[in-house]
Amino acid sequence: MATLGDGEVPLSIVISTGLSTVILASALAYLLVLKNQKNSSADEDANGDNTQTVETVLDRTKYPAGNLYIYYGTQTGTAEQFGKQLEREANGFYVHVIDLEDVTSLQQLQSPAVFLSATYGEGEPPDNAFSFVEMLKGAAGIPILFSNEDAAEEEKTASEEDLQHLESLQYCVFGLGNKQYDHYNAMGKFLFEGLKRAGAQPLLPEPGLGDDDDDLEGDFETWKDNKLWPTLKEHFGSAENGDPVKKEEEAMPESPYVVEYHKQPAAKLQLKSVKMDQVHGGSRQYFDAVDCTISKVKELQNNSNNDNNGSTVHVELQITDRALSYQTADNLGVLPVNSAEIAEQVARCLGYDLNAVFSVKAAPNHEWHGLPFPMPCSIRDFLTLFCDLTAAPRRSELKLLAAFCQDAVDKKFLQRLSAKENKDEYREKILDNYMGIANLLVKCPSLKVPLEQFVDLCPRLQPRFFTIASSSSVSPKCIHLTVAVAKAERPMDKTMFHGVCSTYLATRDEKKKR
């Protein structure tokens with residue numbers, strides 16, 4: 001992915017086919033590339049000692065409950081964020097947050113374990129959990145869409161060593177789903193039943209299930225507060241056995257990163273070649289996406305007279321100079337870019353120097369989970385290319401941001417909106433009012449977040465997917481998209497919200513490269 005130069009912004013795209021997100025290639029080719037890279041780089045690292053996990057004896061005065069292993073399966077990052085929330089709360093545990101894609105053998109699973117996973121599409125595993133599901137199916141003898149708990153088992157193909165290891169695994173499961181889909185929370189149900197049939201020991205009698213069509217975050221908070229933590233305390237102890245832990249809302253959140261600034265400007269620093277096993281699982285699109293040229297933007301429908309509907313545009317992307325191909329009706333993922341105005345506003349509110357160049361490494365007592373974005377990079381690039389500054393923050397994120405408010409009024413405002421009992425006010429003032437982090441920084445001027453904390457707390461920009469409207473046989477080197485430009489009036493102050501990706505595509509000058 002290109003960095004920002006004078007007058008140009010990279011348009012970075014990925015193509016999705018089948019179950020896996022593919023970087024402008026077939027699923028088979030992408031998986032083969034990853035496999036070869038991982039095999040060839042087993043003893044190389046991208047960030048010095050940070051990529052190595054060092055086994056140490058736990059300080060029982062700090063972590064009286066021992067280790068806790070959080071395994072997550074995610075498509076958009078929500079399950080990982082829930083895992084990081086558990087890590088911050090800790091309750092006397094030393095918490096390890098682990099991408100299910102990094103679990104290459106069932107014997108790597110460690111106890112006690114908490115599995116957090118979304119369901120993708122119609123009862124499918126998220127991309128990063130696909131291989132793990134295949135392994136667990138072999139150990140459990142059931143498909144992911146098993147009909148009921150009494151379903152007949154298929155032949156188990158897992159090794160005897162895998163099955164023996166799972167017998168000692170104690171686990172809990174929380175599934176992230178949506179009742180609008182036919183196979184509600186298929187992954188959560190499969191993980192719970194599959195591990196149980198493979199011989200593992202559930203610590204709770206059933207999985208927790210969250211509904212994103214209602215209040216997913218509230219479902220998770222209720223489950224962790226009323227079921228998960230009390231059960232773990234009963235079996236393994238808690239922070240009450242050792243040093244007291246501050247309440248989360250009173251404590252300054254601890255960052256897993258340390259920022260290092262570079263004296264040279266970004267233009268004179270060259271990014272090192274990075275292998276994909278050195279990259280955080282949720283950030284691979286920043287390293288694999290390909291920059292393309294927009295050759296045409298044509299307005300098809302103008303709804304400018306309607307305050308809550310944008311226009312519809314036809315967009316053409318040239319891939320002539322790229323060794324790329326696509327199939328008709330593939331999904332094209334476009335990495336959005338924040339406007340310069342929004343990036344500058346956020347930097348101004350936080351007191352950041354847009355031209356400062358930095359990189360991050362793991363903070364003491366924190367594990368390194370891979371590169372979160374290409375670095376070193378300027379703060380301008382970081383805010384423009386990698387930070388989701390306009391999406392509504394979750395209630396848990398508001399609670400964390402409140403700790404950085406220097407004014408009591410701002411702090412109480414964010415704390416009130418983050419409370420479970422105030423979810424209706426949160427919906428009215430944050431969700432329905434299209435309030436992103438950029439807006440909150442203006443609303444709460446005393447909110448000052450250090451860069452290393454902002455790197456951790458601010459969600460990453462994710463690809464927006466569009467169904468390709470062109471025929472691969474008629475236009476093999478030109479991809480056509482039909483894009484509805486999102487905009488809406490904010491009820492509270494009558495300012496306009498503009499969708500970050502659709503607006504970005506619709507406002508490109510002809511033949512301008514992004």
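Y261 has F358 of strand β13 as its bridge partner. That pairing belongs to a predicted model. Strand β13 covers residues 357-362, and 6 bridges join β13 to β9. The two strands run antiparallel. Beyond this sheet, the briefing covers a helix pair, one buried leucine and the chain overall.

**The sheet around β13**

- Strands of a sheet pair through backbone hydrogen bonds, either parallel or antiparallel.
- Here the pairing is antiparallel, in an open sheet of 3 strands.
- The strand order is β9-β13-β14.
- One edge strand is β9, spanning 257-262.
- The other edge strand is β14, spanning 377-378.
- Each edge strand pairs on one side only.

**The helix pair α11 and α12**

- Two packed helices are described by the angle between their axes and the distance between the axes.
- Helix α11 takes in residues 408-418, and helix α12 takes in residues 423-431.
- Their axes come within 8 Å and cross at roughly 120 degrees.
- That angle makes α11 oblique to α12, because it falls outside the 65 to 115 degrees counted as roughly perpendicular and is not over 145.
- On the α11 side, the contact is made by F413, R416 and L417.
- On the α12 side, E425, Y426, K429 and I430 make the contact.
- By class, the contact of α11 with α12 has 4 nonpolar and 3 charged residues, with no polar ones.

**L447, a residue in a loop**

- L447 lies in the loop between α13 (437-443) and α14 (451-457).
- Is L447 buried or exposed?
- L447 counts as buried because its relative accessibility is 2%, and the cut-off for buried is under 20%.
- Leaving aside neighbours within four places in sequence, L447 is in contact with C349, L350, L401, F404, C405, L414 and L441.
- One of these, L414, falls within helix α11.
- The C-alpha atoms of L447 and A403 are separated by 8.6 Å.
- Along the chain, L447 and A403 are 44 residues apart.

**The chain as a whole**

- The secondary structure comes to 15 helices and 18 strands.
- The chain has 514 residues, and 51% of them count as buried.
- Among contacts with a separation of 6 or more, 78% come from residues 24 or more positions apart.
- The chain exposes about 24,000 Å².
- Carbon and sulfur atoms supply 47% of that exposed area.

How values were computed
Residues are numbered from 1 along each chain as its sequence is written. This is a predicted model: local features need pLDDT of at least 70, side-chain atom pairs count only at pLDDT 80 or more; totals for chains, interfaces and linings use all residues. Side-chain values use heavy atoms; hydrogens and water are left out. Two strands pair if DSSP finds at least two bridges between them. Helices (H or I, at least four residues) and strands (E, at least two) are DSSP runs, numbered from the N terminus. Axes are lines fitted to C-alpha atoms, for helices over the stretch in contact, and angles run from 0 to 180 degrees between N-to-C directions. Angles under 35 degrees count as roughly parallel, over 145 as roughly antiparallel, 65 to 115 as roughly perpendicular and the rest as oblique. Contact means heavy atoms within 4.5 Å. Ala, Val, Leu, Ile, Met, Phe, Trp, Tyr, Cys and Pro count as nonpolar, Asp, Glu, Lys and Arg as charged, and the others, Gly among them, as polar. Buried means under 20% relative accessible area, exposed over 50%, partly exposed in between (1.4 Å probe, protein chains only). Accessible areas come from the Shrake-Rupley method with a 1.4 Å probe; for residues, only the protein chains shown count as cover.
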